[in-house]
Amino acid sequence: MSPARSTAGCPPAAEMVHATSSLLLLLLSLALLAPGHSARKCMLTGKWTNDLGSNMTIGAVNNRGEFSGTYHTAVTSTSNDIKLSPLYGTQNNINKKTQPTFGFTVNWKFSESTTVFTGQCFIDRGGKEVLKTMWLLRSSVDDIDDDWKATRVGNNVFTRLRSVKE
Ligand code: BTN
């Protein structure tokens with residue numbers, strides 16, 4: 001035991017202080033380990049891949065929570081050649097949560113569609129960052145009577161794409 005934390009030969013008051021500080025440390029550790037609480041902050045910035053094989057890169061999140069990036073979808077509802085497309089989004093920074101919610105829009109550059117994603121950046125039980133999202137894909141239709149069939153809905157789970165060097 002290090003001399004600084006030893007209570008051998010200490011008066012009862014010093015032992016009380018030692019016991020109280022140990023208890024506080026234990027409570028703090030338990031609070032950080034509690035479900036829904038993670039000490040690390042989940043960060044959107046970086047490269048991500050989803051369950052469909054699509055990849056996206058998110059740039060820096062500014063102090064207003066705004067970010068931009070690029071999206072390369074692995075699939076399309078069209079017969080067009082897929083092109084890298086820009087995304088624009090915001091992260092909710094209220095209460096400075098470690099697992100923030102966010103939303104972003106992809107403005108497809110090879111189709112007339114627009115997709116909005118909303119989700120939350122989680123640290124999973126294994127300590128890995130994961131983005132749980134839902135999306136709405138709005139396709140363009142020529143006739144207002146076709147509006148009813150113009151929006152698809154789904155979910156995507158994104159995990160971090162790491163370079164081979166890492
Ligand atoms: C289009 O088909 O008009 C544009 C591409 C849409 C791709 C969708 S967006 C939701 C889902 N998640 C992906 O990664 N790709 C598809």
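Partly exposed residues have a relative accessible area between the 20% that bounds buried residues and the 50% that bounds exposed ones. All close-ups below show a predicted model.

**Close-up A. Arg-138 and Asp-147 form a salt bridge.** Asp-147 has a relative accessibility of 38%, so Asp-147 counts as partly exposed. Its partner is Arg-138, and the N to O distance is 2.8 Å. Arg-138 is partly exposed too. The relative accessible area of Arg-138 is 33%. The structure holds four salt bridges, and the contact shown here is one of them.

**Close-up B. Lys-149 pairs with Asp-146.** The closest N and O atoms of this salt bridge are 3.9 Å apart. The cut-off is 4 Å, so a pair at this distance counts as a bridge. Lys-149 is partly exposed, at 48% relative accessibility. Asp-146 is also partly exposed, at 26%.

**Close-up C. A salt bridge joins Glu-66 and Arg-64.** The side chains meet with 3.2 Å from N to O. Which of the two classes, exposed or partly exposed, fits Arg-64? Arg-64 is exposed, because its relative accessible area of 61% is over 50%. Glu-66 is partly exposed, with a value of 33%.

**Close-up D. Four acidic residues form a negative surface patch.** The members are Glu-112, Asp-142, Asp-143 and Asp-145. Glu-112 sits in the loop that runs between β5 (101–107) and β6 (114–123). The side of the patch contributed by Glu-112 is open to the probe: this residue is exposed, with a relative accessible area of 66%.

**Close-up E. Phe-67 and Phe-104 make an edge-to-face pair.** The whole structure contains eight aromatic pairs. In this one, the ring centres lie 6.5 Å apart and the planes meet at 65°. An angle over 60 degrees counts as edge-to-face, so the pair falls in that class. The contact links distant parts of the chain. Phe-67 belongs to strand β3 (residues 66–72) and Phe-104 to strand β5, with their positions 37 residues apart in the numbering. Both Phe-67 and Phe-104 are buried.

**Close-up F. Phe-104 and Phe-117 stack.** Here the ring centres are 4.7 Å apart. The planes differ by 20°, which is why the pair counts as stacked. Phe-104 lies in strand β5 and Phe-117 in strand β6, so this contact ties together parts that are 13 residues apart in sequence. Phe-104 and Phe-117 are both buried.

**Close-up G. Ring pairs build an aromatic cluster.** Which residues does the cluster hold? The members are Phe-67, Tyr-71, Phe-102, Phe-104, Trp-108, Phe-110, Phe-117 and Phe-158. Phe-104 takes part in the edge-to-face pair with Phe-67 and in the stacked pair with Phe-117.

**Close-up H. Ile-82 and Trp-108 come from separate points in the sequence.** How far apart are Ile-82 and Trp-108 in space, C-alpha to C-alpha? The distance is 9.0 Å, for residues 26 positions apart in sequence. Ile-82 lies in the loop between β3 and β4 (85–91). Ile-82 is partly exposed, with a relative accessible area of 29%. Trp-108 is one of the residues in the aromatic cluster.

Conventions: Residues numbered from 1 in each chain as written. Predicted model: local features only at pLDDT ≥ 70, side-chain atom pairs only at ≥ 80, totals over all residues. Heavy atoms only, no water. Patch = residues over 30% accessible without salt bridge, like charges linked within 9 Å, V, L, I, M, F, W, Y side chains within 5 Å. Areas by Shrake-Rupley, 256 points an atom, 1.4 Å probe, with all protein chains shown as cover. Lys, Arg positive; Asp, Glu negative; His and termini not counted. Charge placed at Lys NZ, Arg CZ, Asp CG, Glu CD. Helix = DSSP H or I, 4+ residues; strand = E, 2+ residues; numbered from the N terminus. Buried < 20%, exposed > 50% of the residue type's maximum accessible area, 1.4 Å probe, protein only. Phe/Tyr/Trp six-rings, centres within 6.5 Å; stacked < 30°, edge-to-face > 60°.
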